[in-house]
Amino acid sequence: MTASRSSAGASAASASADSAAATKPGSGGVQKTDFTQMTHQQLFDWINSKIASGEMSFDESSTFISMTVSMPVDGSSLAPDDTQKVDFMRSVHSGMERALQTNDTDLFARLQTALQTMQRFQGEVRGVNMTV
């Protein structure tokens with residue numbers, strides 16, 4: 001009986017920790033956009049919400065869409081990954097550095113625009129967790 005109670009307690013503590021990580025302690029259940037800790041699926045969902053609301057055109061989304069594709073080494077899936085958190089802002093910075101090294105001014109400009117968009121929306125309230 002003690003083992004099952006401690007197991008249930010550990011599960012509750014784990015769920016509580018997951019919820020706290022997703023909403024940030026002291027945020028009252030408010031979920032904010034954080035491009036530094038986002039899964040590919042969360043980025044994909046964010047892009048769709050911006051297109052649906054008219055805040056982003058389909059053309060503007062193309063650079064972001066390419067970031068949502070998870071390419072396994074074996075090439076088995078192109079579906080957005082909803083398991084691994086990614087620092088997309090760092091990825092964009094790295095891409096900009098590579099674009100400079102290869103003198104790809106078009107890619108650099110697209111990534112720079114994406115970074116400016118991310119900076120504009122970083123910390124934006126995207127939802128409220130009513131179960132907190």
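From the N terminus on, the elements of this chain follow the order α-β-α-α-α-α-β, where helices (H or I, at least four residues) and strands (E, at least two) are DSSP runs numbered from the N terminus. The model is predicted, so to read it with care, note that local features need pLDDT of at least 70 and side-chain atom pairs count only at pLDDT 80 or more, while totals for chains, interfaces and linings use all residues. Residues are numbered from 1 along each chain as its sequence is written, and side-chain values use heavy atoms, with hydrogens and water left out.

**Exercise 1. Describe the chain as a whole.**

Step one is to count the elements: the secondary structure comes to five helices and two strands. Step two is to look at burial, where buried means under 20% relative accessible area, exposed over 50%, and partly exposed in between (1.4 Å probe, protein chains only); of the 132 residues of the chain, 27% count as buried. Step three concerns contacts, meaning heavy atoms within 4.5 Å: among the contacts with a separation of 6 or more, residues 24 or more positions apart account for 69%.

**Exercise 2. Which residues have the most contacts inside the largest nonpolar core?**

Begin with the term: a nonpolar core is a set of buried Ala, Val, Leu, Ile, Met, Phe, Trp, Tyr and Cys residues joined through side-chain atoms within 4.5 Å. The largest such core has 18 residues, and those with the most contacts inside it are Phe-35, Leu-43, Trp-46, Phe-64, Met-67 and Met-118. The elements that give two or more residues to this core are H2, helix H3 (58-68), helix H4 (88-101) and helix H5 (105-121), and H5 gives the most, with five residues. Turning to Met-118, and leaving aside residues up to four places away in sequence, one finds that Met-118 touches Phe-35, Phe-64, Met-67, Phe-88, Met-89 and Val-92. As background, nonpolar side chains in soluble globular proteins tend to be buried together.

**Exercise 3. Classify the ring pair of Phe-35 and Trp-46, and place both residues in the chain.**

Rings of Phe, Tyr and Trp (its six-membered ring) pair if their centres lie within 6.5 Å, and planes under 30 degrees apart count as stacked, over 60 as edge-to-face and the rest as tilted. A search of the whole structure finds three aromatic pairs. In the pair of Phe-35 and Trp-46, the ring centres are 5.0 Å apart and the planes stand at 90 degrees, so the pair is edge-to-face. Because Phe-35 lies in the loop between strand S1 (30-32) and helix H2 (40-52), whereas Trp-46 lies in helix H2, the pair ties together parts that are 11 residues apart in sequence. Both Phe-35 and Trp-46 are buried, and ring pairs link Phe-35, Trp-46, Phe-64 and Phe-121 into a cluster.

**Exercise 4. Is Lys-50 buried or exposed, and what does Lys-50 touch?**

Lys-50 lies in helix H2, and because its relative accessibility is 5%, Lys-50 counts as buried. Not counting residues up to four places away in sequence, Lys-50 touches Glu-55, Met-56, Phe-121 and Glu-124. The C-alpha atoms of Lys-50 and Ser-61, which are 11 residues apart along the chain, are separated by 8.8 Å.

**Exercise 5. Set Phe-44 beside Val-125.**

Phe-44 is found in helix H2 and is partly exposed, with a relative accessible area of 27%. Val-125 is found in strand S2 (residues 125-128), and at 49% relative accessibility Val-125 also counts as partly exposed.
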